[in-house]
Amino acid sequence: WENDLPGAYDIYFRSVTINTTTLQPPSFYRGIAPNAKLAALKIFDMNGGSNNSFISRLAQAIDWCIVNRNTYNIKVITISSGNGTYSANNCPSSANLPSYANNAIQNAISSGIFIDAASGNNGNLSGIAYPACNSNIMSVGAVYDANIGSYTSSTAGCTDSTTQADKITCFTNRGSNLDMLAPGARITSTGANTFPVIPPSCAYT
């Protein structure tokens, strides 16, 4: 599903990188769930998009998952995009806000679909991105899964001079409304022409 959007940046970089990390076939680099089946939904074109267009397309994508949940046996929605920074007290989570995707989120939860979302990569220490801040969504921040030496995030403009397993990355957004942490820095996955590759700084869920 791509909602007639031109360009393939988001569906390739985020969805394919994340999905192949999960689905890599039996080999030295094996994914965590090689038998899983995935549906990739693109909500950005190659130029990104404004906050309003992102929210609108996100809501449409979630609605698509609801409508097609039985056809494709959709049980989980993973959202690796977001914007803004919100605490537990100011997250725009009300279903009465038509400019946000909260109705779609609530409908998905009511339909038995679990939703998780990345907390964001801006290095904020007092809040996380929308839609991760929505109380119906499991928000996920990033930790390292090994010592990879010093690491600099161009996204957040921060550096971890030392790294180790379970250390929170400097770029991951966090706050009292962050639900959990998972390995999310220097993830080995597939690339367009080579295998494996390690993408730049991103929080994966």
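**Figure 1. A right-handed disulfide joins Cys158 and Cys170 in this predicted model.** The torsion about the S-S bond of this pair is about 80°, so the disulfide counts as right-handed. The two sulfur atoms sit 2.1 Å apart. Distant parts of the chain get linked here: Cys158 belongs to strand β7 (residues 158-160), while Cys170 is in the loop between β7 and β8 (180-183), twelve residues apart. Cys158 is buried, and Cys170 is buried too.

**Figure 2. Cys91 and Cys133 make another disulfide.** A search of the whole structure turns up two disulfides, and this view is about the pair of Cys91 and Cys133, with sulfur atoms 2.0 Å apart. The link of Cys91 and Cys133 is right-handed, with 65° about the S-S bond. The pair connects distant parts of the chain, 42 residues apart. Look for Cys91 in the loop between β2 (83-86) and α3 (102-110), and for Cys133 in the loop between β4 (128-130) and β5 (138-143). Both Cys91 and Cys133 are buried. If you number the bonded cysteines of the protein chain in sequence order, the pairing reads 1-2, 3-4. And Cys65? Buried or exposed? At 8% relative accessibility, Cys65 counts as buried.

**Figure 3. Ile62, Ile77 and Tyr130 touch the most other members of the largest nonpolar core.** That core has 29 residues. Several elements chip in: α2 (51-67), β1 (76-79), α3, β3 (114-118) and β4 each supply at least two residues. Which element gives the most to this core? That would be α2, with eight residues. Apart from the largest core lies another one, of seven residues, including Ala142, Cys158, Cys170 and Ala185. So the cysteines of Figure 1, Cys158 and Cys170, turn up again as members of this other core. As background, nonpolar side chains tend to be buried together in soluble globular proteins. Over the whole protein chain of 205 residues, 41% count as buried.

**Figure 4. Four strands line up in an open sheet with parallel pairing.** What is the order of the strands? Going across the sheet, you meet β1-β3-β5-β8. The edge strands are β1 and β8, and each of them pairs on one side only. From one strand to the next, the twist averages 30°. Zoom in on β5 and β8: they run parallel, and four bridges join them. One residue pair to pick out is Val143 with Pro183, its bridge partner in β8. To place the sheet in the whole fold, note that the protein chain has three helices and eight strands. Read along the sequence, they follow the pattern α-α-β-β-α-β-β-β-β-β-β.

**Figure 5. The buried residues of α3 share one side of the helix.** Which residues of α3 are buried? They are Asn102, Ala104, Ile105 and Ala108. These residues cover an arc of only 160° around the axis, which puts them on the same side of α3. A bit of helix geometry helps when you look at this view: an α-helix has 3.6 residues a turn, so residues three or four places apart point the same way. Just after α3 comes Gly112, which takes a positive phi of about 90°.

**Figure 6. Trp64 and Tyr72 stack, while Tyr100 and Tyr130 meet edge-to-face.** How many aromatic pairs does the structure hold? It holds three, and two of them get a close-up here. The rings of Trp64 and Tyr72 have their centres 5.6 Å apart and their planes at 20°, so this pair is stacked. Trp64 counts as partly exposed because its relative accessibility is 21%, and the cut-off for buried is under 20%. In the pair of Tyr100 and Tyr130, the rings are 4.9 Å centre to centre, with 75° between the planes, and the arrangement is edge-to-face. Tyr100 lies in the loop between β2 and α3 and Tyr130 in strand β4, so the pair ties together parts that are 30 residues apart in sequence. Tyr130 has 1% relative accessibility and therefore counts as buried. You have already met Tyr130 in Figure 3, as one of the residues that touch the most other members of the largest nonpolar core.

Technical notes: Residues are numbered from 1 along each chain as its sequence is written. This is a predicted model: local features need pLDDT of at least 70, side-chain atom pairs count only at pLDDT 80 or more; totals for chains, interfaces and linings use all residues. Side-chain values use heavy atoms; hydrogens and water are left out. A disulfide is a pair of cysteine sulfur atoms within 2.5 Å. Buried means under 20% relative accessible area, exposed over 50%, partly exposed in between (1.4 Å probe, protein chains only). A nonpolar core is a set of buried Ala, Val, Leu, Ile, Met, Phe, Trp, Tyr and Cys residues joined through side-chain atoms within 4.5 Å. Two strands pair if DSSP finds at least two bridges between them. Axes are lines fitted to C-alpha atoms, for helices over the stretch in contact, and angles run from 0 to 180 degrees between N-to-C directions. The arc is that of the directions from the helix axis to the C-beta atoms. Rings of Phe, Tyr and Trp (its six-membered ring) pair if their centres lie within 6.5 Å; planes under 30 degrees apart count as stacked, over 60 as edge-to-face and the rest as tilted.
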